[in-house]
Amino acid sequence: MKSAVETLSPTRVRLTVEVPFEELKSSLDNAYREIARQVTIPGFRKGKIPPRIIDQRVGRGLVLEQAVQDAIPRLYVDALQENKVEPLGRPEVDVPEIADGADLKFTAEVDVKPEITLPEYHGLELSVDDAEVTDEDVEEQVNSLRERFGSLTTVERAAGDDDYVTIDLSATKDGEELEDEESSGVSYQIGSGARLEGLDDAVKGLQAGESATFSTQLVAGDHAGEDVEVTVTVTAVKEQQLPDLDDDFAQLASEFDTLDELRADLSDRIERSKRIQQAQAARDGILEKLLGLVDIPLPDAAVATEVESRREAIGQQLGQIGLSEEQYLQSEGQSAEEFGQELDKRARDSMKAEFVLDEVAEKEELSVSEDEVKIAIAQRAQQSGMSPADYFNQVIQANYFQTLVQEVRRGKALALVVDNAVVTDESGRPVELKRLQPDGTLAPEGEDAADGSEDADAAGDAETPTDAAEDSTAGKGEGDAGTGTDGDPEGQPGSGA
């Protein structure tokens, strides 16, 4: 076999392949065997029909056509390897009609990774937010705890700001009742952010047993985006009673004996969370700066495929919660054009990052160990709510293992670039990313973080500021059930899942 490659553009090549006819013998033999299994010829058993009989009854042309179809995928891969071409997407293959006994000649056009000239990626500079914890940060978490352990008391008065109400909801359109949009016994805190525009204004001022009707637009369900009349009936008004802020509260809400100890623990958790946020901002910012230093042409067909893949994934996620793409865009106040532009940008940014990080990994001769793959599988399994064994089996079944290894290698390449960057906070102090552990603590002075802590997914496992208050209550009792609402009245008309 002879092959050659011609560059059509920075992102597309044409392979020309020429194969002597005698090298097609194995493909011809396979074609005869396959046709012998498929056709029925009197006097011969299936699978036992001689080639000369197939030539007479079926035709040599059909045999040649099937042999070529069998050979081309293998020959195409051989040509890629011979010319060191890394394809993106499927090729466009052109095969002229082959004559019996003549050499096979065909061409294949395919998108490829562009050649990249890496800029200097050591010493990139970036500034991120300070990680200092303020008194306001701590008090916000303390107040969250107080609300969690608060109790609700029924009051005989009109509902006002921050009150909790129990409500029934129904909707009509053009005077017709929408039965699938009815709900009852919904717990809702006024001012917490209703999905139904106008709900807060309608409820405020109502006492138990009173109703109000308001016009709004549903954001989900079969009638998403439609103008309707919603009737809300208040069945109970409750106000939240918060526990006193003292040592007794600290003992109720946490493992600590005093309020000062609780505040100190919350301050430590918030600080660790802010360090993780710094690391995430540094990683994202350094990657953005690196990509801004290099011009990378992208193949339009590959970008289009990536955009479509992302759109399908989003569509599947929306389908699981009963929303169409149109309904989702209405709820987000985003046009189809804006959504498409956002998907295109994300796809292009992702593709650029892959190309650049692959080049960094190649230049730095980075490899991926078995332990690093295990860590990545464990992290992704945890994020997916699966066991590592089940996630690994899914990876193998989806033929995703090599892609996973590539992702880990890119994560190492990005970690290398970030580690060699000069990152400071807004106050001008150096941010010690190399010492940062996955939980937000710092390794001892002069030591780097433990292996695996700089994986691209490591920061995603750290607790957020909101987690801090909840973690401090581990092992303690829950507050009044009525305080558990997240401010989104489940089942309200058009609220979605």
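**View A. Pro 388 is partly exposed, at a relative accessible area of 45%.** The model is predicted: local features need pLDDT of at least 70, side-chain atom pairs count only at pLDDT 80 or more, and totals for chains, interfaces and linings use all residues. Residues are numbered from 1 along each chain as its sequence is written, and side-chain values use heavy atoms, with hydrogens and water left out. Partly exposed lies between buried (under 20% relative accessible area) and exposed (over 50%), with a 1.4 Å probe and protein chains only. Pro 388 belongs to helix H11; helices (H or I, at least four residues) and strands (E, at least two) are DSSP runs numbered from the N terminus. Not counting residues up to four places away in sequence, Pro 388 touches Ile 377, Ala 378 and Ala 381, where contact means heavy atoms within 4.5 Å. Glu 255 is 133 residues from Pro 388 along the chain, and the C-alpha atoms of the two are separated by 32 Å.

**View B. Helix H10 (residues 370-384) and helix H11 (residues 388-397) cross at roughly 100 degrees.** Their axes come within 9 Å. Axes are lines fitted to C-alpha atoms, for helices over the stretch in contact, and angles run from 0 to 180 degrees between N-to-C directions. The crossing makes H10 roughly perpendicular to H11; angles of 65 to 115 degrees count as roughly perpendicular, under 35 as roughly parallel, over 145 as roughly antiparallel, and the rest as oblique. From H10, the contact involves Ile 377, Ala 378, Arg 380, Ala 381 and Ser 384, and from H11, Pro 388, Tyr 391 and Phe 392. By class, the residues of this contact are six nonpolar, one polar and one charged. Nonpolar here covers Ala, Val, Leu, Ile, Met, Phe, Trp, Tyr, Cys and Pro, charged covers Asp, Glu, Lys and Arg, and the others, Gly among them, are polar.

**View C. Helix H6 (residues 259-292) meets helix H12 (residues 401-419) at roughly 90 degrees.** The two axes come within 10 Å. H6 and H12 are therefore roughly perpendicular to each other. On the H6 side the contact is made by Ala 282, Arg 283, Ile 286, Leu 287 and Leu 290, and on the H12 side by Leu 414, Val 417 and Val 418. Seven of these residues are nonpolar, none is polar and one is charged.

**View D. Arg 37 lies in helix H1 (residues 25-38), and Gly 47 in the loop between H1 and H2.** Arg 37 is partly exposed, with a relative accessible area of 48%. Gly 47 is also partly exposed, with 38%. Leaving aside neighbours within four places in sequence, Arg 37 is in contact with Lys 46 and Gly 47, and Gly 47 with Ala 36 and Arg 37. Two C-alpha to C-alpha separations belong to this view. Arg 37 and Ala 158 are 83 Å apart in space and 121 residues apart in sequence. Gly 47 and Asp 94 are 31 Å apart in space and 47 residues apart in sequence.

**View E. Lys 84 has a phi near 55 degrees, a positive value in a residue other than glycine.** The residue sits in the loop between helix H2 (51-83) and strand E3 (87-94). Lys 84 is exposed, with a relative accessible area of 77%.

**View F. Asp 162, not a glycine, has a positive phi of about 70 degrees.** Strand E6 (151-154) and strand E7 (164-173) are joined by the loop that holds Asp 162. With 51% relative accessibility, Asp 162 counts as exposed.

**View G. The whole protein, for orientation, has 13 helices and 12 strands.** Along its principal axes the C-alpha trace spans about 100 × 70 × 40 Å. The radius of gyration is 32 Å, whereas a compact globule of 497 residues would have a value near 23 Å; the radius is taken over C-alpha atoms, and the globule rule is 2.2 Å times the number of residues to the power 0.38. Buried residues account for 39% of the 497 residues. Of the contacts between residues at least 6 apart in sequence, 71% join residues at least 24 apart. The accessible surface is about 27,300 Å², with 44% of it belonging to carbon and sulfur atoms. Accessible areas come from the Shrake-Rupley method with a 1.4 Å probe, and for residues only the protein chains shown count as cover.
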